[in-house]
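Here's a walk through a structure, taken one piece at a time. Have the sequence and the 3D view open side by side as you read.

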Amino acid sequence: MDPVVVRGLSKTFYDEARGEVKAVQEIDFECRAGEIFGLLGANGAGKTTTLRMLSTILTPTGGSATILGHDIAAEPTAVRKCLGFYSATTALYPRLTARETIEFFARINQYAGDVKQRVDYLIERFGISKYASARVDKLSTGMKQKVSIARTVAHDPPILIFDEPTVGLDVLNALEMQDVIREFRSHGKTILFSTHIMSEAEKLCDRIAIIHAGRILACSNLEGLRQVTGERYLEDIFVHYVRGQG
Amino acid sequence: MNWKIVRVIFANELRMLLRDRRTIVLAILLPLLIYPLMIYATRTTTERRAKNLAATVYQYAVTGSQAEQVRELITRSTEAAARAATPGKNEKSGAADFKLQEVKVEDPAASLKSGEIHFYLEGLSGKEADALPKKAAPLSAEPAVGRSQAKGPDQVAPEPSRLPGVPLIRIYFQGDRDVSQAGSSKMRDLLSRTRRLDRNALLLQHGLPVKPELVMASDETSIARASQVTGSYVGRFLTFILLMFLMSSGSIVAMDSIAGEKERGSIETLLTTAAERMEIVAAKQLSIVTVALVITFFQVANLLAYVNFKLIALPKDWVIEAPPITIVTLLLLFIPLAAFTASILLMISAYAKSYKEAQLYFFPVLLLSWVVALAGVLPGIALRSAIVLVPVANVSVAVREIMVGKFDWPMLASVFAVMVLAAAWALRASANMLSKESLITASEADAADLAGGAALFPKHVLRWYTVMGAVLFAIALNVPQLATFRAQILFNELVIFLGAVLLMIRKYRLNVREALALRPVKPLVWLGVVLAIPSGLVVATGVFRLANLVIPVPQRVLEQFGRELMPKEVPLWQIILLISILPGICEEIAFRGTLLYGLRRKLRPVALALTVGVIFGFFHVALFRILPAAFLGVMLTATALLTGSIFPGMVMHAGSNALGFWLADSGTSVANLGWSWYVAAVAVFALAFYIFYRARTPYPGLRP
């Protein structure tokens, strides 16, 4: 069974001003073990809502999803225990040091092994040693990004969700982020990755789902998408599907 | 609940708090200095004022045709006061330490103004006093000593009760000067006392048959111990003071706890961890309770230290006794009080989307907490009453009783249970708020602000009605020109209701047909309307009678209302227009029109009907009208929701008002019907709503 299985997942918001908003409409996909699965879509397409539902922040209004066999609605705590969630909006505690931050998230996510050893390893791995004792509010954006990634994997979860992780980062930091994600894949992690940047999806993802207006329009690897659409570049493939929908 | 996780979050919260220097200074260090300093400064200032006033030699002048008699009276009064002065007696009137010195001045009014003298007295003969322009005052034989505040000698004096022909002494002082006011007050007391003595002496001289055995003196002796008297004072305010400390210190942590995390974005990080909502909330609540209790402990210890070192002096006759049973019982009540306070603060923090919003909600909650915490001050409220079920107020009353040595154990146990349950409920509510998506994800919140226009209206609608209500109340209370029957109704209906609706439509560019539900209805609906008008009136009257059983309305209030509603001088056609047609149109447009339209997506249909109805009820100002009006409001809203149109409600509203007036005018009262009539009316009313339901065209765009 695939580690992430999504079936008919829907989310309808009720907004005072706009009335009923169908953010996600009956989407289906699955994420295979050890792959990077990309959700590619424009702003407001439903990527973040989907990932928030998978991380149990939001409750689905229809359909179901399982993470390592745990149903997101019935067993939210078990789901969260086996995933790490990273997004541009998930901030850190400014008054904790980098080391305390990683330790806090390892403990709160009930890391089974030796927390101290794990924290030391992550500090070493992400090159945080120099500023491990500095408070997060004193760190630069790049440093914070590293601490953020370290806290995401502090409990060594098998599934990782990255929601537009490179938003707001400069080119070098964005490239570093891509390297880190690739490295996680090489360690056998299953990664769900959302982006609206075509080149990023093209470089990183093993399979891509094109999402638009809350619906998945296509889901395949890059080669498969090329064959179906006859387009070479992902940008053209994306436009092909979105315009076709319109 | 995984307590390991709770401990990790709790430790993290405390660590972050201790690293926030600003919080430490504002929450702990400053109050440690400020509260005692405030008390010390207040007490010192009061003492200094009393000392200064006691040392003051009051300079005064005497004027008027009866100046000599006034001088003689003052001399006699001061001598009598000096003779009567004993340590116990003179304290109250202060007559013995009243030092006076007459100053000869040309123009007493000018001298008073310039500060040369503290006050002056004008002695008037009975004739002169009678010639003064009179103000309505009941006649009696009380001392004729007048006190004129900030008025020149030529102005009309407020005349105290005085028989014709009795000479008058008027005291002029400068009300904005403390010494002048104190001096005139002392002089008035002095002269009044002498007048009483003179009057008694005169009565005796003129043969009033006063036998000592016929005149009963009264004396009072409190059988309470000094510690009980002190306890009754302290007990009244102890909960209030403690709650102030808990609220002020707890709020600093609470506001930052969830609202602050939302603002920083760390709440989403926390919510994606393996911690459950309840564990997060429990840890945060524990941290608030800990900080609030620690700071409160510091504050209390600090105050006691100041008292101990005599920096703050307690009243001399205070005796504080705190046996172990009192301390333990108080602690048993204060700990759930602290937990409840923390839970409420956490609720505010969880509900608000930002730190600033949390602070906005905190203020009214603080005011409300003061009101309930002062329940112990109210006389006549015993713990053995329904107050035991009101959180915080029950602790306040219980503490008052404990402090005078009264331990009603079953009721104290009930207070404890109520407080624990209330704290648990508030904690659960906070956890639920952390699961409420609209409160944890702010991304959708500003869509209306960006869209503006009609999209923004639902966000603003309640503000409009709050302002409308405030204007209606303010005008009713403060503008007598609009207090007449015609003017008031015309102003309310045309300016407040219709005017505001037009403004709303214009400002938010609302679609008039949609906003006012101007839709045709199925013909069958009108049959329901015909049935609903008389039956609704009788049912509403029944509701009024039921309410009257709980809160009785005095008959004279009802009669006065009836007279105001049916003034004899207003022609019938105007009355019909004013109490039937205009409300039927304008009030329906305002309540079943824009208010319903604005709230339609905020609440589900039942809550929507109740809310619109209750708001409609509150606009009927008079307390006894609120409940029946609210009932009719709910029914009219339900009609609009079922028929999707404002028109049936308009006809029902106008018809009900007209029928009510016609019945009252013809001397027929539906307020004295037998209960079977009300039951029959309920049945007919239900039939009318069944018809609405069968012929329904639901109001569009409702929240599912």
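Let's start with a pair of residues: Thr66(A) sits across from Asp71(A), which belongs to strand S5 of chain A. Keep in mind that you're looking at a predicted model. The strands involved here are S4(A), covering residues 62–67, and S5(A), covering residues 70–71, and they pair antiparallel through two bridges. Together S4(A) and S5(A) form a hairpin with two residues between the strands. Look at Leu68(A) in that hairpin: its phi is positive, near 50 degrees.

Now zoom out to chain A as a whole. Its secondary structure comes to nine helices and 10 strands. The chain has 246 residues, and 48% of them count as buried. What about contacts along the sequence? Take the contacts in chain A with a separation of 6 or more: 67% of them come from residues 24 or more positions apart.

Next, turn to where the two chains meet. How many residues does each chain bring to the contact? Chain B puts in 31 residues and chain A puts in 28. On the chain B side, several helices supply at least two residues each: H1 (3–18), H9 (266–271), H15 (437–440), H16 (447–451) and H17 (457–478). Which of them gives the most? That's H1(B), with five residues. As for chemistry, the chain B side that touches chain A splits into 13 nonpolar, seven polar and 11 charged residues.

Note on methods
Residues numbered from 1 in each chain as written. Chains lettered and ligands numbered in written order. Predicted model: local features only at pLDDT ≥ 70, side-chain atom pairs only at ≥ 80, totals over all residues. Contact = placed C-beta atoms within 7 Å. Helix = DSSP H or I, 4+ residues; strand = E, 2+ residues; numbered from the N terminus. Nonpolar A, V, L, I, M, F, W, Y, C, P; charged D, E, K, R; others polar. Pairing = 2+ DSSP bridges. Buried ≥ 20, exposed ≤ 12 C-beta atoms within 10 Å, placed from the backbone.
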